[in-house]
Every structure is written in structure tokens, then in C-alpha cells.
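Grab a pencil and work through a few exercises on the model below. Try each task before you read its solution.

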Amino acid sequence: MEHVLRVTDALKSFRETRLSALRPPTEFFDHHRLSRPVDMSQVTSRITYNTRYFSGNYGVIFAVLAVYALITNPLLLISLGFLIGGFTVINRFATEPIQLGQHTITQKTLYIGLFVIGLPVLLWSSPLGTFFWLVGASSFVILFHACFMEPGIESEYSSVEAGNGV
């Protein structure tokens with residue numbers, strides 16, 4: 001029961017911190033603010049500003065791409081489900097040793113069996129390839145958006161306020 005309370009508290013704090021930073025889709029996809037940067041300093045300033053300003057939206061993009069990566073790699077999804085489900089079942093139902101004839105099966109033996117079956121299947125499902133695809137695809141999309149999206153008018157006011165020491 002305390003695990004459920006911890007998870008709900010973590011979800012509430014995540015919603016309050018990250019999801020409150022979500023910008024509306026009309027602002028995020030505003031094609032009128034798209035322009036090619038003039039030089040590298042403008043690219044750097046745009047990336048710096050937009051990654052802070054749209055951090056919640058970029059987190060959603062990362063999460064959507066992660067779900068897409070799992071859906072398009074069903075073997076990875078099955079192997080992760082097998083390992084997580086097996087770990088949960090062993091922890092919940094096999095806390096005491098099980099006697100089968102002359103053999104005693106302990107929790108340690110069940111874990112060894114789970115990992116002997118689950119880890120080769122997990123490695124065969126190419127989790128590193130999926131991870132690097134996720135990092136590359138999300139980096140490309142996020143940096144492309146951050147580079148080509150002009151900062152809003154509020155960025156001018158934030159630099160004025162920072163200069164005045166307010």
C-alpha cells in the first residue's frame with residue numbers, strides 16, 4: 001500500500017513540476033515564428049532559450065518517441081514485460097522455498113532461471129539500438145525545433161529584467 005502512495009505522490013509532483021511547464025500547442029507549433037538563424041551565436045541563444053522555455057513540450061516529445069520505439073519493437077516490449085512481470089511474481093508469490101519432490105526451489109533459483117531465459121531474449125531484442133535511436137531521433141527533433149523557432153517577445157523582457165537585477 002505504501003508503494004502506491006509513493007507512486008501517486010511522485011506522479012503529483014511530476015505533474016506539478018514538469019507538466020505545468022507545458023506550452024500550448026498553438027505556441028509550440030507557431031509556424032509564423034519559424035526562421036533560419038543568421039549565425040552560430042543566434043543558434044546557440046535560440047537553443048538555450050527554447051530548451052528552457054519548451055522543456056515540458058520536449059519531454060512529451062521524448063515520451064511519445066519512447067512509446068513509439070517500444071510499440072515498433074514488440075520483442076523488446078515482450079522481453080521487458082517478461083523480466084518485470086517475472087520479478088514481480090517472484091517477489092510477491094515465491095518468498096518461501098518451494099518443495100517439489102526431492103528438490104527445493106528457492107527465490108534465488110527462480111531469479112537465476114528468470115535471468116537465464118530473460119536476458120538473452122532482452123539482448124536479442126536490441127535494446128541498445130532502440131536506445132540510441134530514441135536519443136538520436138529526439139535530439140534531432142528537439143534541436144531542429146529549438147534552432148529554428150524564434151524566441152517570443154517575452155524573451156526580450158526577461159533579458160531586460162535580468163539586466164536590472166530584478
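What follows is a short set of tasks, each with a worked solution.

Some ground rules: this is a predicted model, where local features need pLDDT of at least 70, side-chain atom pairs count only at pLDDT 80 or more, and totals for chains, interfaces and linings use all residues. Residues are numbered from 1 along each chain as its sequence is written, and side-chain values use heavy atoms, with hydrogens and water left out.

**Exercise 1. Find where confidence is lowest and where it is highest in the protein chain.**

Start with the whole chain: its mean pLDDT (the predictor's confidence in each residue, from 0 to 100) is 87, and 91% of the residues reach 70 or more. Next, go helix by helix, taking helices as DSSP runs of H or I with at least four residues, numbered from the N terminus. Helix H8 (residues 154-164) comes out lowest with a mean of 59, while helix H7 (residues 127-148) comes out highest with 96. Where pLDDT is low, don't read the predicted coordinates in detail.

**Exercise 2. Check the end-to-end length of H4 against its expected span.**

The expected span is 1.5 Å times one less than the number of residues. H4 has 18 residues, so it should span 26 Å, and its end C-alpha atoms are indeed 26 Å apart. Now try H7: its 22 residues reach 31 Å from first C-alpha to last, close to the expected 32 Å.

**Exercise 3. Describe how H4 passes H7.**

Two packed helices are described by the angle and the distance between their axes. Axes here are lines fitted to C-alpha atoms, for helices over the stretch in contact, with angles from 0 to 180 degrees between N-to-C directions. For helix H4 (residues 55-72) and H7, the axes come within 10 Å and cross at roughly 145°.

Then look at the residues in contact (heavy atoms within 4.5 Å). From H4, Tyr58, Ile61, Phe62 and Leu65 are among those that meet H7 residues including Trp133, Leu134, Ala137 and Val141. By class, this contact has 13 nonpolar, three polar and no charged residues. Nonpolar covers Ala, Val, Leu, Ile, Met, Phe, Trp, Tyr, Cys and Pro; charged covers Asp, Glu, Lys and Arg; the others, Gly among them, are polar.

Finally, the handedness: the crossing of H4 and H7 is right-handed, meaning that the near helix is turned clockwise from the far one, whereas less than a right angle anticlockwise would be left-handed.

**Exercise 4. Which residues of H7 are buried, and what do they pack against?**

Use the cut-offs: buried is under 20% relative accessible area, exposed is over 50%, and partly exposed is in between (1.4 Å probe, protein chains only). That gives Thr130, Leu134, Ala137, Ser138, Ile142, His145, Ala146 and Cys147. These buried residues pack against H2, H3, H4 and H5.

Zoom in on Thr130, which counts as buried because its relative accessibility is 14%. Leaving out residues up to four places away in sequence, Thr130 touches Ala69, Asn73 and Leu76.

**Exercise 5. What is unusual about the phi of Ser126?**

Place it: Ser126 sits in the loop between H6 and H7. With a relative accessible area of 37%, Ser126 is partly exposed. Its phi is near 55°, a positive value in a residue other than glycine. Most residues other than glycine have a negative phi.

Note on methods:
Helices (H or I, at least four residues) and strands (E, at least two) are DSSP runs, numbered from the N terminus.
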